[in-house]
Amino acid sequence: MDGKRFAKWMRQLPLLSKGQRGKLMEALGPALGLDRLREAIEVNRPAPCCPACEAERPYRHGRLRGLQRYRCRACGKTFTALSGTPLSRLRHRGKWLDYLDKMLDAHSVRAVAKAVEVHRNTSFRWRHRFLELAKHDRPQRLNGIAEADELFLLESQKGSRQLDRPARRRGGVASKRGISHEHVCILVARDRTGQTHDFVTGRGAVTTPQLHRHLLPVLDPDVLLVTDAHAAYRAFAREAGISHECVNLRAGERVRGAVHVRNVNAYHRRFRQWLARFHGVASRYLPNYLGWQWALDGSRIASPERFLRAAMGLFHT
């Protein structure tokens, strides 16, 4: 639209009725959302590397669905900032930031779908696409005093077409008392500054090989590891050459000076309370929910724009 026609159109805005103004704002919503999305992705960012050959210094090559398109000087392929990310083929981009704003409030799939006017299946797909890379925004190492403890949840095959056990109604309860292979083990390690790593180790109690595989790479060599009296931790610390202290919770010992696991247990409690609002999640999606809770804990991600960049794998921009 040329300038004169736009100015004439603007002069007619006061003549619109309340209902017409509402319809106008509703029609402009996706376009405004796309402008916010483009600004969050492209402003103050250098041109991305080619996702096909990883060559740098592409040149601008028009626009594609509202986003800047680039062409690679090396291989000649075109791409945008979303190419090669879990978001590359998702539609309705103008609604993404509104959706992420609802994710920051941890609404259910159906509630968010209704709020942003998308299908519930689209809402579910978006949730896990946005979390696919965001869950990897973690510290490199845990330093100082690091606490480690396990959290157990009843294994859930929600949404699976074939079950390897009889179905349970409304989540149900385990058939055996205590910890068994009907439970999924979540190992959480957290230092005193709040830096956190978590791992879904599998069914049943944690083992020493699992600790070597998951925990050892994220611990600083000079860390002091504090745990409960589980034998697997003692064997792991001895084999890895890591300083280790434990509290005997079964004997009633909770604190011994600076030796305690209250920090990590408090994180367990917050995760359980937060997860309860979803009324049960499939165990195969637990890593995504753990990453989501880590993003929200302490308001680490406080805006939809920051959440979007994390979903693209841009953790420090």
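# Exercises on a predicted model

Tyr285 is partly exposed, with 22% relative accessible area. The model is a predicted one. The exercises below start from this residue and its ring partner.

## Exercise 1: Aromatic pairs

Task: Find how many aromatic pairs there are, then classify the pairs Tyr99–Phe130 and Phe124–Tyr285.

Solution.

Step 1. Take the count. The ring rule gives 13 aromatic pairs.

Step 2. Examine Tyr99 and Phe130. Their ring centres are 5.9 Å apart, and the planes meet at 40°. Planes under 30 degrees apart would be stacked and planes over 60 edge-to-face. The 40° angle makes this pair tilted.

Step 3. Place the pair in the chain. Tyr99 sits in helix H3 (residues 96-104), and Phe130 sits in helix H5 (residues 120-134). With their positions 31 residues apart, the pair links distant parts of the chain. Both residues are buried.

Step 4. Examine Phe124 and Tyr285. Here the centres are 5.4 Å apart and the planes are at 80°, so the pair is edge-to-face.

Step 5. Place this pair too. Phe124 belongs to helix H5. Tyr285 lies in the loop between helix H8 (262-275) and helix H9 (286-296). The two are 161 residues apart, and the pair again links distant parts of the chain.

Step 6. Check exposure. Phe124 has 34% relative accessibility, so Phe124 is partly exposed. Tyr285, at 22%, is partly exposed.

Step 7. Look for a group of rings. Phe271, Trp274, Phe278, Tyr289 and Trp292 make up one aromatic cluster.

## Exercise 2: The second largest pocket

Task: Give the volume of the second largest pocket, and say which element gives the most to its lining.

Solution.

Step 1. Read the volume. The second largest pocket holds about 480 Å³ of space.

Step 2. Turn to the lining. It has 18 residues, and those closest to the centre are Val109, Phe124, Arg127, Lys158 and Gly280.

Step 3. Assign the elements. Helix H4 (109-116) and H5 give two or more residues each. H5 gives the most, with four residues.

Step 4. Sort by class. The lining has seven nonpolar, five polar and six charged residues.

## Exercise 3: The cavity

Task: Work out how many cavities of 30 Å³ or more the structure has, and which residues line the largest cavity.

Solution.

Step 1. Count. A search of the whole structure turns up one cavity of 30 Å³ or more.

Step 2. Give the volume. The largest cavity has about 60 Å³.

Step 3. Name the lining. It consists of Ile41, Glu42, Arg45, Pro46, Ala47, Pro48, Gln68, Tyr70 and Ala81.

Step 4. Assign the elements. Helix H2 (18-42) and strand E2 (67-71) each supply at least two of the lining residues.

Step 5. Sort by class. Six lining residues are nonpolar, one is polar and two are charged.

## Exercise 4: The sheet

Task: Establish the order of the three strands in the open sheet, and the sense of their pairing.

Solution.

Step 1. Pair E1 with E2. Four bridges join strand E1 (residues 59-64) to E2, and the two run antiparallel. Arg60 has Tyr70 in E2 as its bridge partner. Tyr70 also lines the largest cavity.

Step 2. Look at the first turn. Two residues lie between the strands of the E1 and E2 hairpin, where Arg65 takes a positive phi near 50°.

Step 3. Pair E2 with E3. Two bridges join E2 to strand E3 (residues 78-79), again antiparallel. Arg71 stands opposite Thr78 in E3.

Step 4. Look at the next turn. The E2 and E3 hairpin has six residues between its strands, and Gly76 in the turn has a positive phi of about 80°.

Step 5. Assemble the sheet. The order is E1-E2-E3, with antiparallel pairing. E1 and E3 are the edge strands, since each pairs on one side only.

## Exercise 5: Cysteines

Task: Decide how many disulfides the model has, and check Cys49 and Cys72.

Solution.

Step 1. Apply the cut-off. Sulfur atoms must lie within 2.5 Å to count. The result is zero disulfides.

Step 2. Check Cys49. The nearest cysteine sulfur, that of Cys50, is 8.6 Å away. Cys49 is partly exposed, at 40% relative accessible area.

Step 3. Check Cys72. The closest cysteine sulfur, in Cys53, is 3.5 Å away, too far for a bond. Cys72 is buried, with a relative accessible area of 3%.

Key:
Residues are numbered from 1 along each chain as its sequence is written. This is a predicted model: local features need pLDDT of at least 70, side-chain atom pairs count only at pLDDT 80 or more; totals for chains, interfaces and linings use all residues. Side-chain values use heavy atoms; hydrogens and water are left out. Rings of Phe, Tyr and Trp (its six-membered ring) pair if their centres lie within 6.5 Å; planes under 30 degrees apart count as stacked, over 60 as edge-to-face and the rest as tilted. Buried means under 20% relative accessible area, exposed over 50%, partly exposed in between (1.4 Å probe, protein chains only). On a 1 Å grid over the protein atoms alone, a cavity is a set of points where a 1.4 Å probe fits but cannot get out, and a pocket is an open set with protein on both sides within 12 Å along at least five of seven lines; lining residues have an atom within 4 Å of a point. Grid points are joined across faces, edges and corners, and a volume is the space filled by probe spheres set on the points. Ala, Val, Leu, Ile, Met, Phe, Trp, Tyr, Cys and Pro count as nonpolar, Asp, Glu, Lys and Arg as charged, and the others, Gly among them, as polar. Two strands pair if DSSP finds at least two bridges between them.
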